[in-house]
Amino acid sequence: MSTTETTDTAAQQDLELKARHRRMWALGDYDRVCREIVSPLGGVLVDALDVQSGERVLDVAAGTGSAAVRAARRGADAVASDLTPELLDVGRESHPDDTLAWDVADAEALPYEDDAFDVVMSCIGVMFAPHHQRAADELVRTARPGGRIGLVCWTPEGTIGQLFATMKQYVPPPPPGVSPPPLWGQEDHVRELLGDRVEDLELRRMTLPVTLFEGGEQFRDYFAKHYGPTIAAYAAHAGDPDRTAELDRDLAALGEREGTRDEAGFTMQWEYLLVTGRVR
């Protein structure tokens, strides 16, 4: 196979991979997951970056826009970009009174000029772009010199990182060159991706308290109904009741391990990595 044919094949495989990602994240009801559980993380990120009125802010892999909306409410000129138009449509409809742009965009090939934004951020979003270095390069490229970069990413050791580790054995292996999303929650990995292009880098492990569930089975059922990657894992074994039952047991056991019970009920602490820095 010639070099041109190899390049064309890789490009086609990448297009197909991105199409699968779009379909997966359009499954279920991610907006409900945001509203009921993870929405506070958008505020954590915007606060950590100290977004100011009048600044131009890009939210990469924004989903339904929990971080971008908070930036807009501070008076920023905010853009929510995401690969999945269905998520942007939900975000736009859910926040009709907030003034911001909603752009369909690939985190690995952002349609913006170099140095275009004062702040470039991503809240549990860019971590799911399959090629980490490409995505990191785009974050840096679109932020102006002296601009800020901020990320919130699930850690491999935390609840959602362990959710993906559990589901890994139930889904087809990714194509060569694709990296696991929770690697973005490892400090050394982030440092390597950003390199010396970002200074004043701060990486803090934090937790999101979650009290929505009564136990591991409720955790499993919620994700099986509302969270695209988990729905896709179940769909891969729709005709295999034994394998489905194994996935049921594994996810319920994970949820139970990740929670604690006391007189107040069942509480989980979902660990994430908060990253902030400044482009040189």
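Helices, in the sense used here, are DSSP runs of H or I of at least four residues, numbered from the N terminus, and in this predicted model helix H2 gives the most to the lining of the second largest cavity, with 3 residues. That cavity, which holds about 60 Å³ of space, is lined by Tyr30, Val33, Val38, Ile124, Phe128, Trp154, Ile160, Phe223, Tyr227 and Trp270. By class, its lining divides into 10 nonpolar residues, with no polar and no charged ones.

The structure holds 2 cavities of 30 Å³ or more, and the largest of them has a volume of about 360 Å³. Its lining is made up of 29 residues, of which Trp25, Ala61, Asp82, Gly125 and Phe128 are the closest to the centre. Helix H2 (30–38) contributes here as well, since helix H1 (3–26), H2 and helix H4 (66–73) each supply at least two residues of the lining of the largest cavity. In this lining 17 residues are nonpolar, 7 are polar and 5 are charged.

Phe223, one of the residues lining the second largest cavity, also leads to helix H9 (residues 216–226), where the buried residues are Gly216, Phe219, Arg220, Tyr222, Phe223 and His226. Seen down the axis of H9, these buried residues fall within an arc of 165°, and therefore they line one face of the helix. The buried residues of H9 pack against H2, helix H7 (159–167), helix H10 (228–235), helix H11 (241–258) and strand E8 (265–279).

Technical notes:
Residues are numbered from 1 along each chain as its sequence is written. This is a predicted model: local features need pLDDT of at least 70, side-chain atom pairs count only at pLDDT 80 or more; totals for chains, interfaces and linings use all residues. Side-chain values use heavy atoms; hydrogens and water are left out. On a 1 Å grid over the protein atoms alone, a cavity is a set of points where a 1.4 Å probe fits but cannot get out, and a pocket is an open set with protein on both sides within 12 Å along at least five of seven lines; lining residues have an atom within 4 Å of a point. Grid points are joined across faces, edges and corners, and a volume is the space filled by probe spheres set on the points. Ala, Val, Leu, Ile, Met, Phe, Trp, Tyr, Cys and Pro count as nonpolar, Asp, Glu, Lys and Arg as charged, and the others, Gly among them, as polar. Buried means under 20% relative accessible area, exposed over 50%, partly exposed in between (1.4 Å probe, protein chains only). The arc is that of the directions from the helix axis to the C-beta atoms. Contact means heavy atoms within 4.5 Å.
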